[in-house]
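Trainee: Could we go through this structure together? I would like to know what stands behind the words we use for it.

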Amino acid sequence: MSSFPGGRRVLITGLGFITPIGNDRTTVSASLRAGKHGLAPVQFLGNPQVPVRVAGTVKDFSVESTSPREWSWPSRYDLPRETLRGMAPHGVYAFCAIQQALADAGLKPADVANDDQTGLFCASAGSAMLMYNNLALMHAVRGERGNPMGVVSSIAGTLNFNLAAHFKITGAVCGFVSACASASHAIGYACDEIRLGRLKRVLVVGAEELNAETLLPFAAMRALSPQSDPKLASRPFDAGRDGFVGGGGSVVLVLEEASFAAARGASVYAEFAGWGQAADGYSVAMSHPVGAGLQRAMARALADAGVGPQEIDYVNAHGTSTPVGDRAEAIALKTLFDAEGARPVISSTKGLTGHPLSLAGAMEAGFCALAMCEGFTPGNPHLVNVDDACADLLLPRESLATGPSMVLNNSSGFGGSNVCHVLKRWAT
Amino acid sequence: MSLANLPASPSQLARYPVEARDAYERFRTTGDVAALSPVILAAVRDFMPKRSLGVGMELRSDMRLMEDLGYDSLAVAETVFFFEDLFKVRIQNTELMAVRTIGELEQFVIKKLADNSKTSSA
């Protein structure tokens with residue numbers, strides 16, 4: 001039990017998935033159980049020389065154009081033009097995921113509209129593609145005209161702006177920007193808002209778009225795998241891993257205070273039992289060599305949840321498939337768990353999805369909640385030769401047919417931001 | 001604005017009705033600003049909130065953009081930018097103050113382009 005004052009507990013009561021491995025709960029669950037990846041061949045800028053050949057693509061959407069008029073999405077989602085006009089490509093994913101999550105939680109849009117107890121926390125890096133397009137026009141016409149929706153569709157708050165306006169959120173609206181830890185931060189602070197009694201419900205949204213403008217700058221950092229075989233491209237903890245694979249999509253979690261959720265008879269995926277964060281203070285982009293900040297973040301998350309390392313039976317690792325990052329996380333995990341003689345199952349679902357950057361923490365928290373609720377544990381299907389640094393970790397290739405009861409979900413971002421969640425099976 | 005600088009088949013009109021694209025082409029090749037009404041009406045319909053006009057209802061020149069068609073200030077700004085971008089002209093905020101109805105918008109765009117044509121050919 002968390003030592004947070006007030007005794008309020010936070011539950012995950014709804015999930016929405018627009019991901020490389022499925023655009024609904026059923027498909028996502030089946031992909032995680034079967035170890036079926038969602039990576040597909042890509043070519044950016046019409047140039048086969050670009051050293052990025054696969055990515056975690058989002059299916060059934062078309063958002064490549066800089067004009068929203070040319071975008072398409074599954075027809076079951078009602079996205080009006082007056083909302084679409086200010087959106088980025090990843091905003092369309094988020095819009096669909098939020099509609100899905102509300103329905104999954106047994107809520108209608110009217111239930112959250114103008115409700116002072118419902119907040120909206122979003123994680124987004126903005127749209128580099130639209131920003132580039134808008135600024136290119138600005139320079140071309142020497143500042144004499146510009147798209148009036150250019151700001152709200154491209155800067156990092158684009159999700160908050162558009163979703164808050166459409167869904168008429170009046171409780172609180174906030175955005176989070178800490179690179180690959182962004183969505184994990186959003187979930188953590190949403191949890192705190194509920195535990196502090198400021199909000200009863202928070203819709204947490206993570207989203208990322210997949211295009212040349214978002215992804216290729218990472219190739220310039222030599223952070224992306226050049227492989228064309230998906231199974232070789234994203235293989236966290238494998239000795240042959242050579243970089244991450246980009247991904248896109250959106251995942252939405254509905255977090256609710258426990259008594260509030262119970263009063264409306266909500267179904268529960270899992271309890272969000274606590275979280276912790278700590279920074280490396282080391283490098284602008286690289287992980288600390290022994291994951292020092294991640295170690296502290298994990299310890300703080302466990303302390304916040306009031307559980308010990310031996311109670312964790314599954315870790316959804318950040319595990320992006322980069323040589324430095326996976327090694328640092330492996331060392332951090334061993335340091336934390338070995339000291340207590342604990343040996344949880346560990347997997348990185350990025351082997352299946354690629355790494356969706358700002359979305360990662362929400363997507364993986366959603367996967368963890370789904371696994372706990374449905375009773376399975378994701379595996380590491382692309383792992384062939386375990387890296388020596390990871391040798392003592394319990395890294396099953398196949399998914400397990402039993403679900404965890406206590407989960408640790410790790411995320412790390414540029415600048416050394418580390419955020420960890422603890423999710424607990426909810427027993428009614 | 002110079003007609004010679006206007007592209008044939010601009011991407012902004014790609015999804016517009018054929019009569020709007022034909023009207024643009026007539027304007028581009030002949031300078032006939034009076035031919036532009038179908039373009040202006042198509043743009044009004046395109047930027048209008050979709051739920052504000054009932055099925056089968058036709059646009060009338062006396063309809064007010066905000067009160068009758070549900071335009072907000074951003075939709076007005078989008079529409080203005082559309083014309084700026086399509087015709088390569090610059091429209092000042094102050095010029096728009098008197099534009100409230102579809103008919104007034106139509107007259108404003110036509111006059112603006114006619115004035116610009118005179119200026120650029122002078």
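Mentor: Gladly; we will take the terms one by one and set each against its value. Keep in mind that this is a predicted model.

Trainee: Let me start with the overall form. Why is chain A called as compact as a globular protein of its length?

Mentor: Chain A contains 15 helices and 12 strands. Its radius of gyration is 20 Å, and the globule rule gives 22 Å for 428 residues; the two are close, so chain A is as compact as a globular protein of that length. Its C-alpha atoms fill a box of roughly 65 × 55 × 40 Å along the principal axes.

Trainee: What share of chain A is buried?

Mentor: Of its 428 residues, 59% count as buried. A residue earns that word if 20 or more other C-beta atoms lie within 10 Å of its own. As for sequence separation, 79% of the contacts in chain A between residues at least 6 apart join residues at least 24 apart.

Trainee: What makes strand S7 of chain A "mostly covered"?

Mentor: Nine of the nine residues in S7(A), residues 249-257, are buried. In a regular strand, side chains alternate between the two faces of the sheet. For S7(A), one side holds Gly249(A), Val251(A), Leu253(A), Leu255(A) and Glu257(A), the other Ser250(A), Val252(A), Val254(A) and Glu256(A), and all are buried, so both faces are covered.

Trainee: How do you know that S7(A) pairs with strand S1 of chain A?

Mentor: Pairing requires at least two bridges. Strand S1 (residues 10-18) and S7(A) have eight bridges and run antiparallel, so they count as paired. Among the bridges, Ile18(A) has Ser250(A) as its partner. Strand S6 (residues 201-208) of chain A also pairs with S7(A) in the antiparallel sense, over eight bridges, with Glu208(A) opposite Gly249(A).

Trainee: Where does S7(A) sit in the sheet order?

Mentor: The open sheet has 10 strands in the order S5-S4-S6-S7-S1-S8-S12-S11-S9-S10. Strand S5 (172-176) and strand S10 (345-347) are its edge strands.

Trainee: What makes those two edge strands?

Mentor: Each pairs on one side only. Neighbouring strands of this sheet are turned by 25° against each other on average, direction ignored.

Trainee: Which parallel pair belongs to this mixed sheet?

Mentor: One of them is strand S9 (residues 314-316) with strand S11 (residues 406-413) of chain A, joined in the parallel sense over three bridges. Tyr314(A) has Val407(A) as its bridge partner there.

Trainee: Why are helices H1 and H15 of chain A called roughly perpendicular?

Mentor: The axes of H1 (residues 25-34) and H15 (residues 360-374) come within 11 Å and cross at roughly 85°. Angles of 65 to 115 degrees count as roughly perpendicular, so H1(A) and H15(A) fit that term. Arg25(A), Val28(A), Ser29(A) and Leu32(A) meet Phe367(A), Leu370(A), Ala371(A) and Glu374(A). By class, this contact has five nonpolar, one polar and two charged residues.

Trainee: And chain B: how many helices and strands does it have?

Mentor: Chain B has five helices and zero strands. Of its 122 residues, 21% count as buried.

Trainee: How many residues does each chain bring to the contact between them?

Mentor: Chain A gives 10 residues and chain B gives 10 residues. The side of chain A that touches chain B divides into three nonpolar, one polar and six charged residues.

Key. Residues are numbered from 1 along each chain as its sequence is written. Chains are lettered from A and ligands numbered from 1 in the order in which they are written. This is a predicted model: local features need pLDDT of at least 70, side-chain atom pairs count only at pLDDT 80 or more; totals for chains, interfaces and linings use all residues. Two residues are in contact if their C-beta atoms, placed from the backbone, lie within 7 Å. Ala, Val, Leu, Ile, Met, Phe, Trp, Tyr, Cys and Pro count as nonpolar, Asp, Glu, Lys and Arg as charged, and the others, Gly among them, as polar. Helices (H or I, at least four residues) and strands (E, at least two) are DSSP runs, numbered from the N terminus. The radius of gyration is taken over C-alpha atoms; the globule rule is 2.2 Å times the number of residues to the power 0.38. A residue is buried if 20 or more other C-beta atoms lie within 10 Å of its own, exposed if 12 or fewer, and partly exposed in between; C-beta atoms are placed from the backbone. Axes are lines fitted to C-alpha atoms, for helices over the stretch in contact, and angles run from 0 to 180 degrees between N-to-C directions. Angles under 35 degrees count as roughly parallel, over 145 as roughly antiparallel, 65 to 115 as roughly perpendicular and the rest as oblique.
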